[in-house]
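Q: Please take a close look at one part of this structure. Pick a pair of packed helices and show me how they meet, then what lies beside them.

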Amino acid sequence: MSQYFQPEIETASREEIKKLQDERLAKQVQYVYDNLPYYRNRMENKGVRPEDIKSTEDLHKLPFITKDDLRDAYPYGLLAKPLSECVRIHSTSGTTGRRVVAFYTQHDIDLWSECCARAIVAAGGSKEDVVHVCYGYGLFTGGSGLDGGSHKLGCLTLPMSSGNTERQIQFMEDMGSTILCCTPSYAQYLAESIAERGVKDKLRLKAGIFGAEAWTEEMRQEIEKALGIKAYDIYGLTEISGPGVAFECSDQTGMHINEDHFIPEVINPQTGEVLPDGEKGELVFTCITKEAFPLIRYRTRDICILSREKCSCGRTHVKMTKPLGRSDDMMVVKGVNVFPSQIETVLINQGFQANYQIIVTRDKSHQDNIEIQVEKTPFMAQDQTFDTAQATKKLVSGLKAMLGIYAEVKLVEPNTIPRSEGKAVRVIDKRNLYKG
């Protein structure tokens with residue numbers, strides 16, 4: 001069994017990787033300048049031309065792109081290929097009804113599948129394995145990404161999608177699943193369900209590839225013990241491609257970034273200054289092989305540290321830590337990106353003021369729960385005809401439509417949510433996700 005999916009690039013020397021990045025970056029900058037007026041205008045406003053970008057040392061000259069830019073350009077403003085050459089889209093949830101939609105050519109899909117295949121091999125996979133994918137499919141990238149990687153490697157792929165735990169366990173047992181791909185919280189729930197049924201000894205699971213939400217080292221150890229597997233982290237963003245941007249190897253001291261496709265930087269989130277390896281800051285990615293949706297210097301808002309220390313697995317690509325937090329107010333709940341601004345939009349549209357608090361917890365079955373406490377307006381509180389139950393039901397429905405997940409809503413009396421002289425404390429996350 002090979003230790004690498006594409007050994008020639010995964011173990012390339014730093015000099016070879018740098019040369020490849022320089023060539024691809026220069027070509028990609030010219031490509032976006034020629035094909036995307038949005039980028040061309042941003043570059044010209046900063047006084048930068050394609051010929052100014054000859055190597056990765058010149059990256060800092062280019063403007064950043066943010067999620068707000070992606071929303072402003074929705075739907076086709078950052079599409080670099082004709083629609084006739086695109087074969088798929090994926091999408092994140094929208095914060096104000098304007099979603100981020102990422103486009104893919106078949107070439108983009110093929111490269112993405114290769115990145116995910118590398119992750120599966122790094123987790124000990126080969127074409128002899130049965131890969132059980134219970135990430136969500138559809139617009140979410142999780143299911144499609146690991147599915148594509150499994151196919152590229154030649155594994156028997158079970159496209160289970162999420163939910164229906166009884167069926168998941170039945171197929172694991174009947175089909176001999178060996179590698180489990182899902183969110184870590186669902187892996188814990190599956191482990192408990194398997195224990196309840198007493199079928200752990202009938203399963204052949206050896207590894208898990210878990211991502212799409214933050215998880216701690218303690219959580220990893222619990223999953224490994226409960227399922228009798230080795231648990232691997234995987235990282236990605238819909239805007240960049242999806243899972244497979246980076247992945248863990250057997251060393252498990254960080255995730256290798258696929259540097260032949262994505263150039264990482266870490267910056268000071270306040271100043272935009274590029275920081276040296278080993279310092280904590282905001283992760284920025286430049287896509288150097290994407291055709292349809294080629295983002296340059298995209299600010300992920302994830303806080304991490306990069307390391308180029310030699311890895312015992314033999315891979316030479318830079319490693320990133322697990323995200324250590326966010327430089328914005330985004331939360332990941334049940335694998336879904338949730339912004340307070342989304343919640344504000346629903347509240348205001350339904351006649352409420354932006355006086356609210358979000359409480360996120362993780363229950364004993366390791367499922368995320370979100371509760372939103374919303375103040376009634378003074379008028380609502382005084383109105384004898386105001387129907388609290390009906391207003392709550394309407395808010396729950398509106399939030400489900402906006403977020404894509406269920407949120408419990410509690411209407412409270414005016415001025416009962418604590419005020420702050422500084423930035424309002426909108427989110428209380430009790431999950432302790434960024435420790436360990």
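A: Start with the contact itself. On one side, helix 8 brings Pro184, Ser185, Ala187, Gln188, Ala191 and Ile194. On the other side, helix 9 brings Met219, Glu222, Ile223, Ala226 and Leu227. By type, the residues of this contact divide into 8 nonpolar, 2 polar and 1 charged. Keep in mind that this is a predicted model.

Now the geometry. Two packed helices are described by the angle between their axes and the distance between the axes. Helix 8 covers residues 184-197, and helix 9 covers residues 217-227. Their axes come within 9 Å. They cross at roughly 30°. The crossing is left-handed.

Next, look at the strands beside the helices. Strand 5 (residues 179-182) and strand 6 (residues 207-210) run parallel. They are joined by 4 bridges. Cysteine 182 stands opposite phenylalanine 210 of strand 6. Helix 8 lies across both strand 5 and strand 6. It runs at about 125° to strand 5. Helix 9 packs on the sheet too, touching strand 5, strand 6, strand 7 (230-237) and strand 8 (242-248). The direction of helix 9 makes about 130° with that of strand 7.

Finally, step back to the whole sheet. It is open and has 9 strands, with mixed pairing. Their order is 4-3-5-6-7-8-9-14-13. At the edges are strand 4 (156-159) and strand 13 (306-307), each pairing on one side only.

Note on methods
Residues numbered from 1 in each chain as written. Predicted model: local features only at pLDDT ≥ 70, side-chain atom pairs only at ≥ 80, totals over all residues. Heavy atoms only, no water. Axes fitted to C-alpha atoms, helices over the stretch in contact; angles between N-to-C directions. Helix = DSSP H or I, 4+ residues; strand = E, 2+ residues; numbered from the N terminus. Left-handed = near helix turned anticlockwise from the far one by under 90°. Contact = heavy atoms within 4.5 Å. Nonpolar A, V, L, I, M, F, W, Y, C, P; charged D, E, K, R; others polar. Pairing = 2+ DSSP bridges.
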